Amino acid sequence: MKKVLLLGASGSIGSQTLDIIDKNLDKFSLVAFSVGKRSNIIPDLLKKYPAVKDVYLINEKEASILKDKYPNINFYSGELGLREITEKTDYNMCVDALVGFAGMEPAVIALQRNKILCLANKEALVTGGTIINKLLIEGHGKLYPIDSEHVALAKCLSRVNKDDVKRLVITASGGALRNMPLAELKNAKAEDALKHPTWNMGAKITIDSATMMNKGFEIIEAYYLFGYGLDKIKVLMHDESLVHSAVELKDGTFVLDYGKPDMHVPIEYAMFEGKVDFDLMHVKTFDELKDCHFHEYNPARYLMTELAKKCLSLGASKMIALNAANEVAVYRFLDNKIGYLDIHRIVSTVVEHTALNKEPSLEEIKQIDKASRMEASRL
Ligand SMILES: NC(=O)c1ccc[n+]([C@@H]2O[C@H](COP(=O)([O-])OP(=O)(O)OC[C@H]3O[C@@H](n4cnc5c(N)ncnc54)[C@H](OP(=O)(O)O)[C@@H]3O)[C@@H](O)[C@H]2O)c1
């Protein structure tokens with residue numbers, strides 16, 4: 001029985017993780033969880049999962065009211081609370097389904113404590129990839145990504161000979177604005193960018209999908225997870241999101257993971273530590289997939305993907321700045337405070353102004369993140 005700490009229980013990945021727990025009550029027991037602002041779901045979760053002993057929520061006042069109501073539960077809150085719940089709770093598996101930089105430090109702590117980390121929070125690898133990989137190399141904990149593309153790649157790589165691999169092919173839907181003429185992008189509003197064609201996800205990742213910053217983050221994730229350099233990672237546009245990613249072999253053929261878009265599949269794969277049954281396809285060319293359309297991506301439309309690639313080639317501090325400025329800009333865009341193209345303008349300027357540091361410590365990562373947020377807000 002795995003004792004699970006679920007960070008981000010109120011979110012899209014968090015609620016789907018609860019579905020997996022509910023289906024496998026003999027294998028997983030929820031012992032702790034976090035929510036952000038949606039604290040109204042706490043009473044229901046406490047009722048449904050009696051093994052829960054620790055809960056995090058952002059608001060400190062609300063936490064103290066809940067402490068009086070539930071004297072047997074430890075409530076954590078405020079800026080340090082996520083760190084504390086990850087440090088103090090008794091768990092074997094941490095599912096990190098937080099969005100943004102908030103998910104980085106808990107991921108590091110879970111590994112430092114030798115736990116199994118199921119990581120949906122891609123921002124953790126984008127900003128803390130150097131530290132996370134060092135911990136894993138030193139034998140601290142285990143990491144299983146929760147991202148449809150990376151789970152697809154992990155599955156494909158597990159069935160091929162490493163020497164036969166030519167490159168990784170990460171598929172991309174192109175997001176909500178994929179068919180909007182380039183000249184009109186400057187007028188795109190949050191409500192347009194939130195209409196994702198194939199996936200139903202949280203607001204931030206949906207905007208990241210429209211700009212394809214998300215695909216940039218996924219290239220960085222793939223770099224840290226699988227150890228392939230930029231020249232061995234290709235992004236391929238794929239309208240239907242049925243091929244979740246592929247491995248191209250040196251003989252020109254492809255091994256690929258094909259299936260309906262459903263995040264329960266990668267969450268389950270991660271929580272079962274890869275020990276699930278799955279089928280892959282092996283094709284000579286993508287033309288064999290009659291219900292799928294593929295095409296090359298246009299770098300002029302997806303400036304954020306290009307920027308992410310540049311940051312990866314430069315080093316860690318640039319990726320931290322990229323993530324921090326992007327978070328600030330995306331939330332301002334969601335609030336209709338800036339235009340769609342301002343996201344790239346702000347983020348690229350912050351990245352440019354950030355000094356290069358290829359191996360920052362945890363404290364330095366936090367400092368770079370903070371400085372980049374301030375600069376992005378000013379811009
Ligand atoms: N959704 C998907 O299909 C999908 C697919 C692949 C990867 N991912 C990745 O998975 C992660 C989660 O995405 P999501 O779509 O599930 O996001 P989401 O629906 O917005 O949920 C995010 C969760 O994080 C919590 N949270 C946000 N800021 C916080 C803070 N400062 N402190 C504490 N908690 C905070 C939210 O709490 P409240 O809502 O209560 O405020 C919520 O529980 C992201 O990194 C995303 O890129 C998502």
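**Exercise 1. Determine which helix gives the most residues to the shell around the ligand, and characterise that shell.**

Solution. Helix 1 gives the most to this shell, with 3 residues; helices here are DSSP runs of H or I of at least four residues, numbered from the N terminus. The model is a predicted one, in which local features need pLDDT of at least 70, side-chain atom pairs count only at pLDDT 80 or more, and totals for chains, interfaces and linings use all residues. Residues are numbered from 1 along each chain as its sequence is written.

Step 1. The ligand is surrounded by 29 residues, the closest being Gly11, Gly36, Arg38, Met201 and Gly202; a residue qualifies if its C-beta atom, placed from the backbone, lies within 6 Å of the ligand.

Step 2. Two or more shell residues come from each of helix 1 (12–23), helix 6 (122–137) and helix 9 (203–211).

Step 3. By class, the shell holds 13 nonpolar, 10 polar and 6 charged residues. Ala, Val, Leu, Ile, Met, Phe, Trp, Tyr, Cys and Pro count as nonpolar, Asp, Glu, Lys and Arg as charged, and the others, Gly among them, as polar.

**Exercise 2. Establish whether Leu135 is buried or exposed, and identify its contacts.**

Solution. Step 1. Leu135 lies in helix 6.

Step 2. Leu135 counts as buried because it has 20 C-beta neighbours inside 10 Å. The scale is buried at 20 or more other C-beta atoms within 10 Å, exposed at 12 or fewer, and partly exposed in between, with C-beta atoms placed from the backbone.

Step 3. Neighbours within four places in sequence being set aside, Leu135 is in contact (C-beta atoms within 7 Å) with Leu111, Gln112, His140 and Gly141.

**Exercise 3. Describe the largest nonpolar core and the helix that supplies its largest share.**

Solution. Step 1. The core has 118 residues, of which Val4, Cys118, Ala308 and Ala325 touch the most other members. Such a core is a set of buried Ala, Val, Leu, Ile, Met, Phe, Trp, Tyr and Cys residues joined through C-beta atoms within 7 Å.

Step 2. Helix 13 (residues 316–334) supplies the largest share, 11 residues.

Step 3. Since 16 of its 19 residues are buried, helix 13 is largely enclosed by the rest of the structure.

Step 4. From first to last C-alpha, helix 13 reaches 27 Å, close to the expected 27 Å, that is, 1.5 Å times one less than the number of residues.

Step 5. Asn336, with a positive phi near 60°, follows helix 13.

Terms used
Two residues are in contact if their C-beta atoms, placed from the backbone, lie within 7 Å.
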